[in-house]
Amino acid sequence: MAQINMLSVVTMYFVLLFALTVHECAHALAAEYCGDSTARFMGRISLNPLAHIDPIGTVLIPLVMMFTGARFLIGWAKPVMVNPRNFRN
């Protein structure tokens with residue numbers, strides 16, 4: 001088993017956290033642009049990672065994959081809720 005570089009793990013984790021946060025914020029902004037303000041009411045139009053963290057997909061799975069030396073990395077954040085009835089035509 002290869003030795004784990006902690007600096008590499010920390011860097012990869014923060015890059016993943018940043019990417020997931022920007023991705024989910026973009027979903028919320030797209031829904032807002034289309035007329036649905038559900039994401040705004042839920043506080044999801046934010047670049048604060050705490051608004052988007054899913055305990056399993058954002059913390060547990062990525063860290064386990066990093067520490068076990070997986071060749072790829074997956075993760076997810078809390079999905080942005082939308083109400084299609086609020087969309088404009």
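These are my notebook entries on three helices and a few single residues in a predicted model.

**Entry 1. Helix H1**

I began with H1, which covers residues 6-33. How far apart are its end C-alpha atoms? They are 40 Å apart. At 1.5 Å a residue, the 28 residues of H1 should span 40 Å, so the two values agree.

Next I looked at the two ends of H1. At its start, Asn-5 places a side-chain oxygen within 3.2 Å of the backbone nitrogen of Leu-7. After the helix comes Gly-35, and its phi is positive, near 110 degrees.

Then I listed the buried residues of H1. They are Val-9, Tyr-13, Leu-16, Leu-17, Leu-20, Thr-21, Glu-24, Cys-25, Ala-28 and Ala-31. Glu-24 caught my eye in that list of buried residues. What covers them? The cover includes H2 and H3.

**Entry 2. Thr-21 in H1**

I picked Thr-21 from the buried set of H1. Its relative accessible area is 3%. The cut-off for buried is under 20%, so Thr-21 counts as buried.

I then looked up its contacts, setting aside neighbours within four places in sequence. Thr-21 is in contact with Ser-46, Leu-47, Asn-48, Pro-49 and His-52. I also checked a pair that is separated along the chain. Thr-21 and Lys-78 are 57 residues apart in sequence. Their C-alpha atoms are 9.7 Å apart in space.

**Entry 3. Helix H3**

H3 covers residues 55-68. It has 14 residues and reaches 19 Å from its first C-alpha to its last. That is close to the 20 Å expected at 1.5 Å a residue.

Which residues of H3 are buried? I found Gly-57, Thr-58, Pro-62, Met-65 and Met-66. H1 is included in what covers them. Just after H3, Gly-69 takes a positive phi of about 80 degrees. I had noted a positive phi for Gly-35 after H1 as well.

**Entry 4. Where H1 meets H3**

I turned to the pair H1 and H3. Their axes come within 11 Å and cross at roughly 145 degrees. The crossing is right-handed.

Which residues make the contact? From H1 they are Met-6, Val-9, Met-12, Tyr-13, Leu-16, Leu-17 and Leu-20. From H3 they are Thr-58, Val-59, Pro-62, Leu-63, Met-66 and Phe-67. I sorted these by class. The contact has 12 nonpolar residues, 1 polar residue and no charged residues.

**Entry 5. Thr-58 in H3**

Thr-58 lies in H3 and takes part in the contact with H1. Is Thr-58 buried or exposed? It is buried, because its relative accessible area is 2% and the limit is under 20%.

What does its side chain reach? It reaches the backbone oxygen of Trp-76 at 2.6 Å. Beyond residues up to four places away in sequence, Thr-58 touches Tyr-13, Leu-17, Leu-20, His-52, Ile-53, Trp-76 and Ala-77. Among these, Tyr-13, Leu-17 and Leu-20 are on the H1 side of the helix contact.

**Entry 6. Val-64 in H3**

I wanted a residue of H3 to set beside Thr-58. Val-64 also lies in H3. It is partly exposed, with a relative accessible area of 43%. I checked it against Ser-8. The two are 56 residues apart in sequence and 14 Å apart in space, C-alpha to C-alpha.

**Entry 7. Cys-34 in the loop**

Cys-34 is in the loop between H1 and H2. At a relative accessible area of 36%, Cys-34 is partly exposed. What does Cys-34 touch, not counting residues up to four places away? I found Asn-86, Phe-87 and Arg-88. For Arg-88 I also looked up the spacing. Cys-34 and Arg-88 are 54 residues apart in sequence. Their C-alpha atoms are 6.0 Å apart in space.

**Entry 8. Thr-38 in H2**

My last stop was H2, residues 38-41, where Thr-38 is found. Its relative accessibility is 18%. That falls under the 20% cut-off, so Thr-38 counts as buried.

Its side chain makes a polar contact of 2.6 Å with the side chain of Asp-36. Leaving aside neighbours within four places in sequence, I found Thr-38 in contact with Met-81, Val-82, Asn-83 and Asn-86. Asn-86 had come up before, in the list for Cys-34.

Terms used. Residues are numbered from 1 along each chain as its sequence is written. This is a predicted model: local features need pLDDT of at least 70, side-chain atom pairs count only at pLDDT 80 or more; totals for chains, interfaces and linings use all residues. Side-chain values use heavy atoms; hydrogens and water are left out. Axes are lines fitted to C-alpha atoms, for helices over the stretch in contact, and angles run from 0 to 180 degrees between N-to-C directions. Helices (H or I, at least four residues) and strands (E, at least two) are DSSP runs, numbered from the N terminus. A crossing is left-handed if the near helix is turned anticlockwise from the far one by less than a right angle, and right-handed if clockwise. Contact means heavy atoms within 4.5 Å. Ala, Val, Leu, Ile, Met, Phe, Trp, Tyr, Cys and Pro count as nonpolar, Asp, Glu, Lys and Arg as charged, and the others, Gly among them, as polar. Buried means under 20% relative accessible area, exposed over 50%, partly exposed in between (1.4 Å probe, protein chains only). A polar contact is a pair of N or O atoms within 3.5 Å; within protein, one must be able to donate a hydrogen and the other to accept it, and residues adjacent in sequence count only if both atoms are side-chain atoms. The expected span of a helix is 1.5 Å times one less than its number of residues.
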